[in-house]
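Me: Please take me slowly through one part of this model. I would like to see how the piece you choose fits with what surrounds it.

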Amino acid sequence: MRKTSAWPLSQICVALVVYASLYPFDHWRDQGIWTWSFLTAPWPQYWLGFDVVANVLGYAPLGFFLTLSAMRMGWQTRAVLLPTLAAALLSLTMEGLQSYLPARVPSLPDFLLNTLGAFIGAVLANSLEHLGLLRRWSQFRARWFVRDAYMALVLMAVWPAALLFPVAVPLGLGQVWERVEDALTSAFDATPFEDWIPLRAFELEPLLPGAELLCVMLGLLVPCLLGFGVIRQAGQRFLYVLAVLGMALGMSALSAALSYGPMHAWTWLNLPVVLGLVFGCVVALVFLPLSARTAWTFLLLALLVQQSVLNQSPESAYFAQTLQTWEQGRFIRFHGLVQWVGWLWPYAVLMLALVRLSRERSTQN
């Protein structure tokens, strides 16, 4: 099997589908109904266009990346059938497990729409392959990226989705320390370890404007340095910086519009954020000629500094109210799909940087 970004992306899709299907993962119990009774149950009387679109689009990327992986393994004749069946089996399993979750309602339409979405994604991938567009992508990848760039490409592709979940500081992914402490407090309650929480000797304070500027600058610089570690030429890196800036603005505006309403799509662009974006672009342009090893080193440093500053600040009360919009009602599926991506993306990049630096050091030795 060739090293392809499609395979890890398909596994990410599987993990996200499982999370979104079984959220909130509590109050499991046997409700006295057959696991597969939804297959013969009457169809729902009320349909929401949002639910239809969410069920189809939720499985389309899975079908697309599974099919692409199958074609990379040489399964050209069954490239659509097998991924669609695999996605249908996953959907059937998730719907069956939902019968043990009182907060979720399994249904035959959901299963059929999920299968349809996977089929659409599979057909799209197969069509692009026969049109030669995927071959052009392979040629483009060979010109732009080093040979072992597939994991970096996965993280670069996931980054825009991570920005969709609302964050307290723009581009401030990975702010999990306060939630980790809350989870530990709940887990160790009424145990001998309850006095060990909190794990710090000071109260978290809101970020000062200068610290917010630093976090935004590093939040833009980190994906740029990630790309610099695998992109070959300085001119290509410059175009990539422009793409990162455009994606940062677009996805942050979309997140704000979904959270606060379209009228507030750009209210997050205050002075520290604007200056942070400007300084981030300037530093990224200065770093264009860096070698790959130097880019990975600066990436590691930027991540450590950003997470250190970001996680010493609390989530604002207003921000906590905003999350309720995502954690309840119609955004629950998006909540399940993107919150973990936003929390874990910086740490996945951190691990990749450590692996790349240790590999290059062992190669030199």
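Reply: Helices are DSSP runs of H or I with at least four residues, strands are runs of E with at least two, and both are numbered from the N terminus. This is a predicted model, in which local features need pLDDT of at least 70 and side-chain atom pairs need 80 or more, while totals for chains, interfaces and linings use all residues. Residues are numbered from 1 along each chain as its sequence is written, and side-chain values use heavy atoms, leaving out hydrogens and water.

Let's look closely at helix H8 and the space beside it. The protein has 13 helices and zero strands, so the pattern along the sequence is simply α-α-α-α-α-α-α-α-α-α-α-α-α. H8 covers residues 209–228, which makes 20 residues. Its first and last C-alpha atoms are 28 Å apart, close to the expected 28 Å (1.5 Å times one less than the number of residues).

Is H8 enclosed or open to the outside? Because 16 of its 20 residues are buried, H8 is largely enclosed by the rest of the structure. Buried means under 20% relative accessible area, exposed means over 50%, and partly exposed lies in between, using a 1.4 Å probe and protein chains only. Across the 365 residues of the protein, 47% count as buried.

Cys 224 is a good example from this stretch, with a relative accessibility of 1%, so it is buried. Its sulfur lies 6.9 Å from the closest cysteine sulfur, that of Cys 281, which is too far for a bond. A disulfide needs two cysteine sulfur atoms within 2.5 Å, and the structure holds zero of them.

Now for the empty space. Rolling a probe the size of a water molecule over the atoms shows where empty space is left. A cavity is a set of points, on a 1 Å grid over the protein atoms alone, where a 1.4 Å probe fits but cannot get out; lining residues have an atom within 4 Å of a point. Two cavities of 30 Å³ or more turn up, and the second largest holds about 50 Å³. Grid points are joined across faces, edges and corners, and the volume is the space filled by probe spheres set on the points.

Among the residues lining the second largest cavity are Gly 219, Val 222, Pro 223, Leu 171, Leu 303 and Pro 346. H8, helix H11 (292–310) and helix H13 (332–364) each give two or more residues to this lining. By class, the lining has eight nonpolar, three polar and no charged residues. Ala, Val, Leu, Ile, Met, Phe, Trp, Tyr, Cys and Pro count as nonpolar, Asp, Glu, Lys and Arg as charged, and the others, Gly among them, as polar.

Two neighbours finish the picture. Leu 171 sits in the loop between helix H6 (150–164) and helix H7 (177–187), and is buried at 5% relative accessible area. Most residues other than glycine have a negative phi. Leu 171 is not a glycine, yet its phi is positive, at about 65°.

Leu 304 belongs to helix H11 and is partly exposed, at 49% relative accessibility. Its C-alpha lies 9.5 Å from that of Pro 346, although 42 residues separate them along the chain. Such long reaches fit a wider count: of the contacts (heavy atoms within 4.5 Å) with a separation of 6 or more, 81% join residues 24 or more positions apart.

Conventions:
On a 1 Å grid over the protein atoms alone, a cavity is a set of points where a 1.4 Å probe fits but cannot get out, and a pocket is an open set with protein on both sides within 12 Å along at least five of seven lines; lining residues have an atom within 4 Å of a point.
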